[in-house]
Amino acid sequence: MHIAVLMLALMTVANPAWAPAWAEAANPIKLVVLGDSLSAGLGLPAQQAFPAKLQKALQDKGIEVDMTNAGVSGDTSSGGRDRLDWSVPDGTDGVIIELGANDALRGIDPDLTRTALTEIVQRLKARKIAVMLCGMLAPPNYGADYAARFNSIYPDLAKKFGVPLYPFFLEGVAADAKLNQADGIHPTAAGVDIIVRNILPTVEAFIGTIAGQRR
């Protein structure tokens with residue numbers, strides 16, 4: 001064994017403080033995906049849902065996480081806020097927020113959506129839990145004014161609270177019939193694969209920030 005490697009091994013045993021950063025792999029980062037049917041995996045087996053596939057993609061890159069799917073089909077941003085405390089247990093390191101699609105589909109006043117998402121971020125930050133926002137875009141049928149008010153929510157909140165933003169959760173999948181189920185809204189397993197591939201760099205950076213704060 002090379003002398004430097006032997007010395008590092010002896011120092012690590014003698015003093016855990018010398019353990020390299022990768023030793024933290026034994027204590028995986030705990031993430032919760034707080035969302036609606038898009039993350040819950042409506043119409044798909046549990047292992048094909050976004051949180052499960054994201055966890056697998058991270059594991060394939062050597063990143064160990066404890067991922068919880070807290071997606072509830074039909075949930076609005078207000079619904080996510082109202083169940084926040086029991087959906088995000090103590091000990092959670094980070095939350096990926098995927099909410100707002102149902103708000104837009106139902107034409108809910110963007111001010112209500114903004115207020116709900118603001119309260120979610122504030123309450124999580126007060127608990128010292130890291131936050132990542134997944135943006136959503138309004139459908140065109142409500143007009144340009146509604147779209148402008150709704151679409152600005154996510155970048156505004158990301159800037160206000162200094163949290164990472166993935167601009168559009170359905171990037172590369174929305175409106176593609178081949179990548180959505182018969183309802184034209186919910187991704188197929190292949191669609192989820194694309195979402196995971198596209199969002200992975202943002203999630204990796206998010207996890208890296210959490211890991212850095214642990215040291």
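Is Tyr146 buried or exposed, and at what relative accessibility? In this predicted model, Tyr146 counts as buried because its relative accessibility is 9%, and the views below begin with the surroundings of this residue.

**View 1. Aromatic residues of helix α8 and beyond: Tyr142, Tyr146, Phe150 and Tyr154 form one aromatic cluster.**
The count of aromatic pairs in the model comes to four. One of them joins Tyr146 and Phe150, whose rings are stacked, with 6.2 Å from centre to centre and 10° between the planes; this angle falls under the 30 degrees required for a stacked pair. Both residues belong to helix α8, which spans residues 143–151, and they are four residues apart, about one turn of the helix. Phe150 counts as buried because its relative accessible area is 0%. Phe150 also pairs with Tyr154, and here the arrangement is edge-to-face, with 5.9 Å between the centres and 65° between the planes. Tyr154, like Phe150, is buried.

**View 2. Packing of helix α7 against helix α8, whose axes come within 9 Å.**
Helix α7 covers residues 110–126, and its axis crosses that of α8 at roughly 5°, so the two helices count as roughly parallel. On the α7 side the contact is made by Pro110, Asp111, Thr113 and Arg114, which meet Tyr146, Arg149 and Phe150 of α8. By residue type, this contact divides into three nonpolar, one polar and three charged residues. The stacked aromatic pair of View 1, Tyr146 and Phe150, therefore also supplies residues to the helix contact, since Tyr146 and Phe150 are both among the α8 residues that meet α7, and each is buried, with Tyr146 at 9% and Phe150 at 0%.

**View 3. The open sheet, in which five strands follow the order β2-β1-β3-β4-β5 with parallel pairing.**
The edge strands are β2, residues 65–71, and β5, residues 165–166, each of which pairs on one side only. Strand β4, residues 130–134, runs parallel to β5 and is joined to it by two bridges; in one of the pairings between these strands, Leu133 has Leu165 of β5 as its bridge partner. Helix α3, residues 50–60, packs on the sheet and touches β1 (29–35), β2 and β3 (94–98), while its direction makes about 165° with that of β2.

**View 4. Strand β3, covered on both faces.**
Five of the five residues of β3 are buried. In a regular strand the side chains alternate between the two faces of the sheet. In β3, Gly94, Ile96 and Glu98 are buried on one side, and Val95 and Ile97 are buried on the other. Five bridges join β3 to β1, which runs parallel to it, and Leu34 stands opposite Ile97 of β3. Four bridges join β3 to β4, again in parallel, with Ala130 of β4 as the bridge partner of Gly94.

**View 5. The surroundings of Ser39, a residue of helix α2.**
Helix α2 spans residues 37–40, and within it Ser39 counts as buried because its relative accessibility is 0%. When neighbours within four places in sequence are left aside, Ser39 is in contact with Val33, Ala49, Phe50, Pro51, Asn69, Gly71 and Glu98. Glu98, one of these contacts, is also among the buried residues of β3 shown in View 4.

Definitions and conventions
Residues are numbered from 1 along each chain as its sequence is written. This is a predicted model: local features need pLDDT of at least 70, side-chain atom pairs count only at pLDDT 80 or more; totals for chains, interfaces and linings use all residues. Side-chain values use heavy atoms; hydrogens and water are left out. Rings of Phe, Tyr and Trp (its six-membered ring) pair if their centres lie within 6.5 Å; planes under 30 degrees apart count as stacked, over 60 as edge-to-face and the rest as tilted. Buried means under 20% relative accessible area, exposed over 50%, partly exposed in between (1.4 Å probe, protein chains only). Axes are lines fitted to C-alpha atoms, for helices over the stretch in contact, and angles run from 0 to 180 degrees between N-to-C directions. Angles under 35 degrees count as roughly parallel, over 145 as roughly antiparallel, 65 to 115 as roughly perpendicular and the rest as oblique. Contact means heavy atoms within 4.5 Å. Ala, Val, Leu, Ile, Met, Phe, Trp, Tyr, Cys and Pro count as nonpolar, Asp, Glu, Lys and Arg as charged, and the others, Gly among them, as polar. Two strands pair if DSSP finds at least two bridges between them.
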